[in-house]
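Biologist: I'm new to this one. Could you take me through the nonpolar core and what surrounds it?

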Amino acid sequence: MTSYRPGPVALVLGTLVALFLLMPLLAVVPVSLTPSRMLSMPSGELSLRHYRTLIEDPRWLQSILLSLRIGIVSSLISTVLALTFSLGIWMFRPRFSALLVGFVLLPMVVPPVVSALTLYFLLTSISSVSKAIGYDSWLGVALAHSVMTVPFAVVLLLVSLSQVDRRIDLAARGLGASVWERATKVIIPNIRFGLLTAALLSFVLSWEEIGVTLFITSVDAITLPRLMWMGLRDNINPAVAAISVVLILATVAVLTARGLLTRSKG
Amino acid sequence: MQTLSNRTGAALFLAPLLLFLSLAYVVPFLGVAGWSVTLPEPGIGQYSVLLSDPLVQSVFIRTFRICAIVTLASVTCAYAIAFLWVRGTPLQRRITEFCILVPFWISVLTRAFGWVALLSNRGLINTWLQSLGFISEPLALVRNEFGVIVGMTHFLIPFAVFPLASAMRNLDERVLLAARGLGASRTRIFWTVFVPMTMSGIIGAALIVFVFALGFFVTPAILGGGRSVMVAELVYVRLFQSPDWGLAAAISVVLVLIVGALMALLFRTLKPAQMV
């Protein structure tokens, strides 16, 4: 790796791209501090009024709580389903494994707008039977989000399973462990970090999901991204800038913590 | 449990997710495909509209044009930053990794909004240019195709970085050493050895970006301001604003077919293991 380092041209170009990547995230900060009611750059004085809106306007808090609830439920569903599936693939190595995995990854590959229309069809059909998990209900959104996030959980779990030493499973089998015991006492403890990551990723993907959510909600199930969307579409509400800054800071904090954690682990 | 045969065991583990996705994804998709040939009346009328309606056609052409430009731009940018990420000094690597991962984890909505904050009439760039006296009227940087292209390129760069970086990591170090030993300059090594040897990553990245860009909805809707409509937004409009469910469904079916063809191409060009 040391033989061929980037020269000055590569360094300049790479830095420009890095700046391009960070620029819109930084631009949100001054806009969030504007004292004006409209989207604008603050001229002179700064104000925290848009941050105050986040706390004082009940709609923001409600949507945050709703997104948390949907994120937790959908992450649970998709992690459990992805776990049993990946364990099945790893332990039994069925014929047509590649085909089965490919099938399961469909929602990740199909254009999001097609998935959105498909899930709109699903939830409106369910609505005619039960309103509680149909169109514009929080359970319906959680169901749709699990469809969208399950492929990502499967990919992560298959990757962490591929690093498990098959001999420990063989040993357990030789000692007479049942399938259930092999799964719960031998394999799962060995992939717990991957399992945690899969649950976290499913949660984050649901937390920020907007493409599908736009199609399957109207007035009741207003998640945080949906509320941000409403604040962006017509007259841009600078409160969106304030919530964006909060989300960016949270992301940076989590990534830094993760970075420190993995470095201290080795 | 102990007496389970392998076959029933496998079925028990695999069935829940397979059933879940069949019922919650495949069946409803078939329903959507059904709409495309039954609404408003049975037949393939919607598909002939797709082929003949000038509005629908202009949206498809615009979509392909934007996707092509975005693919070129984001793969080029991604190559530059991936090079620094893989080949740089440890400090350079840490900094570029931060710059790639932070935007990657931030939602598409926040990122599109960041571009609105930068590019809109009262945004950062126009305010600065005006206060410095370079321009008297704000430049139209957003609510047009330019804004859409910038926003989509920004969103897709990280997705292009991963396959490129993996191709660059898997490259045989000895070839570079040999090129150097034979007296090739840095630039010459880059263009005649490095780029050709990472070609599989370039093709993979380009296909992934193109496929993602094709179904893009949020960024064009926010940065295009309804003026630069792409296929995905047309589906939304035809579902909720000027309803024509059959057409929305037909467009979806066509999109799936295009993406399926591109994915087949991707798997033919690359061994899947090289993708991620």
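Modeller: Here is a walk through the core, then the domains of one chain that feed it. This is a predicted model, where local features need pLDDT of at least 70 and side-chain atom pairs count only at pLDDT 80 or more, while totals for chains, interfaces and linings use all residues. Residues are numbered from 1 along each chain as its sequence is written, with chains lettered from A and ligands numbered from 1 in the order in which they are written.

The largest nonpolar core holds 156 residues. Such a core is a set of buried Ala, Val, Leu, Ile, Met, Phe, Trp, Tyr and Cys residues joined through C-beta atoms within 7 Å; buried means 20 or more other C-beta atoms within 10 Å of a residue's own, with C-beta atoms placed from the backbone. Leu117(A), Ala78(B), Ile81(B) and Val209(B) have the most contacts inside the core. Its largest share, 16 residues, comes from helix 3 (residues 54–87) of chain B, a helix being a DSSP run of H or I with at least four residues.

Domain 1 (1–38) and domain 2 (41–274) of chain B each give the core at least three residues; these bounds come from an automatic or database domain assignment. The two domain centres, taken over C-alpha atoms, are 33 Å apart. Even so, 6 residues of domain 1 of chain B are in contact (C-beta atoms, placed from the backbone, within 7 Å) with 10 residues of domain 2 of chain B.

Back to Ala78(B): beyond its neighbours within four places in sequence, Ala78(B) is in contact with Ile157(B), Ala160(B), Val161(B), Leu164(B) and Ala205(B).

Technical notes
A residue is buried if 20 or more other C-beta atoms lie within 10 Å of its own, exposed if 12 or fewer, and partly exposed in between; C-beta atoms are placed from the backbone. Helices (H or I, at least four residues) and strands (E, at least two) are DSSP runs, numbered from the N terminus. Two residues are in contact if their C-beta atoms, placed from the backbone, lie within 7 Å.
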